[in-house]
Amino acid sequence: MAKKAVAKKTAPAKTSAAKTSAAKTSAPAKTAPARKPESRTAMVRRARRINRELAELYPYAHPELDFTNPFELLVATVLSAQTTDLRVNQTTPRLFAVCPTPEDMAAMPPEELEELIRPTGFFRAKTKSLLGLSAALRDRFDGKVPGRLEDLVTLPGVGRKTANVVLGNAFGVPGITVDTHFGRLARRFGWTTAEDAEKVEAEVAAIFPKSDWTMLSHRVVFHGRRVCHSRKPACGACAIAPLCPAYGEGETDPDKAKKLLKYELGGQPGQRLKPPPGYPGQPAPPLAAP
């Protein structure tokens with residue numbers, strides 16, 4: 001009986017020790033300390049340093065749509081919705097050969113214009129926009145693309161993003177172009193938490209001098225397309241990783257990350273058939289014959 005009593009007394013001690021041992025075994029590994037809250041001043045300094053780093057990384061950053069005049073850029077930008085700049089660049093040579101001016105395009109039968117732009121997708125809606133904006137340019141602006149935002153956004157199919165692309169690259173008027181790449185990176189960089197494009201534009205504009213806006217847009221979009229991808233960013237091959245609050249969302253192994261790089265950084269052709277001087281990559285191929 002005495003031995004049984006001892007066993008009952010010592011059993012709880014053994015159970016407690018087992019629990020302690022199990023707790024130690026299942027304890028989670030230590031994680032990196034959370035970032036300290038960042039002041040507005042510190043964020044602005046970091047943001048401007050990111051812009052400087054991107055300028056060194058992409059000294060050749062440019063709009064990735066082929067164009068020779070404001071009308072061509074306007075049309076190409078409208079066509080770029082829901083498709084790649086590459087597909088637009090492969091489509092526009094034939095389009096502009098047939099209708100090089102707003103007057104020519106406004107006179108095109110809808111079904112013929114649809115066939116010309118079919119490779120860009122959503123060709124019926126885009127045809128409606130192109131015919132509408134061409135007629136508006138012909139009737140209200142003497143056949144010329146206006147150089148003011150308030151005029152551009154009155155054209156069918158033209159919003160702030162398209163207007164800023166045209167103003168910044170055809171007229172030299174500073175503007176921030178918030179496409180999906182720019183919005184994604186602006187949030188990853190901690191410049192904004194907004195999802196709405198106009199809010200992103202306003203909040204980022206408050207961080208940078210107006211003179212930086214157009215080139216900042218190109219650099220951020222270049223980086224988003226080549227390195228900081230949506231699903232799997234190449235964090236381990238990113239030159240601005242030390243400045244990025246989102247580091248670690250993607251592949252951090254340098255060798256694996258390098259394989260994720262796209263376009264000229266990945267040794268592949270770019271998106272323009274006629275890239276500007278200084279572009280270090282290969283021109284894109286023309287559209288294959290059907």
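This is a short tour of the chain, stop by stop, with something to select at each one.

**The whole chain**

Keep in mind that you are looking at a predicted model. Start with everything in cartoon: the chain has 13 helices and 0 strands, so expect to see α elements from the N terminus on. Colour by accessibility next, and 44% of the 290 residues count as buried. Switch to a surface and you have about 16000 Å² exposed, with carbon and sulfur atoms supplying 56% of it. If you like contact maps, take the contacts between residues at least 6 apart in sequence: 59% of them join residues at least 24 apart.

**Helix 12**

Now select residues 213–226, which make up helix 12. How far apart should the ends of helix 12 be? At 1.5 Å a residue, its 14 residues should span 20 Å, and the end C-alpha atoms are indeed 20 Å apart, so the expected and modelled spans agree. Helix 12 is also mostly covered, with 13 of its 14 residues buried.

**The largest pocket**

Stay with helix 12 and bring up the largest pocket, because this helix gives the largest share of the lining, 6 residues. The pocket has a volume of about 840 Å³. Which residues should you show as sticks to find its centre? Pick Lys161, Asp179, Thr180, His181 and Arg225, which lie nearest the centre among the 37 lining residues.

To see where the walls come from, add helix 9 (160–170), helix 10 (180–188) and helix 11 (197–205) to the selection; each of them, like helix 12, supplies at least two residues of the lining. Then colour the lining by class: you should get 10 nonpolar, 17 polar and 10 charged residues.

**The largest cavity**

Next, go for enclosed space. Rolling a probe the size of a water molecule over the atoms shows where empty space is left. Here the count comes to 1 cavity of 30 Å³ or more, and the largest cavity has a volume of about 110 Å³. Select Cys228, Pro233, Cys235, Cys238 and Cys244, the closest to its centre of the 15 residues that line it. What classes make up this lining? It divides into 12 nonpolar, 1 polar and 2 charged residues.

**Pro70**

Jump to Pro70, in helix 3 (residues 70–79). Is Pro70 buried, exposed or partly exposed? Its relative accessibility is 26%, so it counts as partly exposed. Show its surroundings too: leaving aside neighbours within four places in sequence, Pro70 is in contact with Val145, Ala170 and Phe171. For a distance to draw, try the C-alpha atoms of Pro70 and Asn169, which are separated by 8.4 Å although the two residues are 99 apart along the chain.

**Two loop residues with positive phi**

Most residues other than glycine have a negative phi. With that in mind, select Phe122, in the loop between helix 6 (110–117) and helix 7 (123–140). Phe122 is not a glycine, yet it has a positive phi of about 50 degrees. At 56% relative accessibility, it counts as exposed.

Finish at Asp142, in the loop between helix 7 and helix 8 (149–152). What is the phi of Asp142? It is near 55 degrees, a positive value in a residue other than glycine. Asp142 counts as exposed, with a relative accessibility of 61%.

Technical notes
Residues are numbered from 1 along each chain as its sequence is written. This is a predicted model: local features need pLDDT of at least 70, side-chain atom pairs count only at pLDDT 80 or more; totals for chains, interfaces and linings use all residues. Side-chain values use heavy atoms; hydrogens and water are left out. Helices (H or I, at least four residues) and strands (E, at least two) are DSSP runs, numbered from the N terminus. The expected span of a helix is 1.5 Å times one less than its number of residues. Buried means under 20% relative accessible area, exposed over 50%, partly exposed in between (1.4 Å probe, protein chains only). On a 1 Å grid over the protein atoms alone, a cavity is a set of points where a 1.4 Å probe fits but cannot get out, and a pocket is an open set with protein on both sides within 12 Å along at least five of seven lines; lining residues have an atom within 4 Å of a point. Grid points are joined across faces, edges and corners, and a volume is the space filled by probe spheres set on the points. Ala, Val, Leu, Ile, Met, Phe, Trp, Tyr, Cys and Pro count as nonpolar, Asp, Glu, Lys and Arg as charged, and the others, Gly among them, as polar. Contact means heavy atoms within 4.5 Å. Accessible areas come from the Shrake-Rupley method with a 1.4 Å probe; for residues, only the protein chains shown count as cover.
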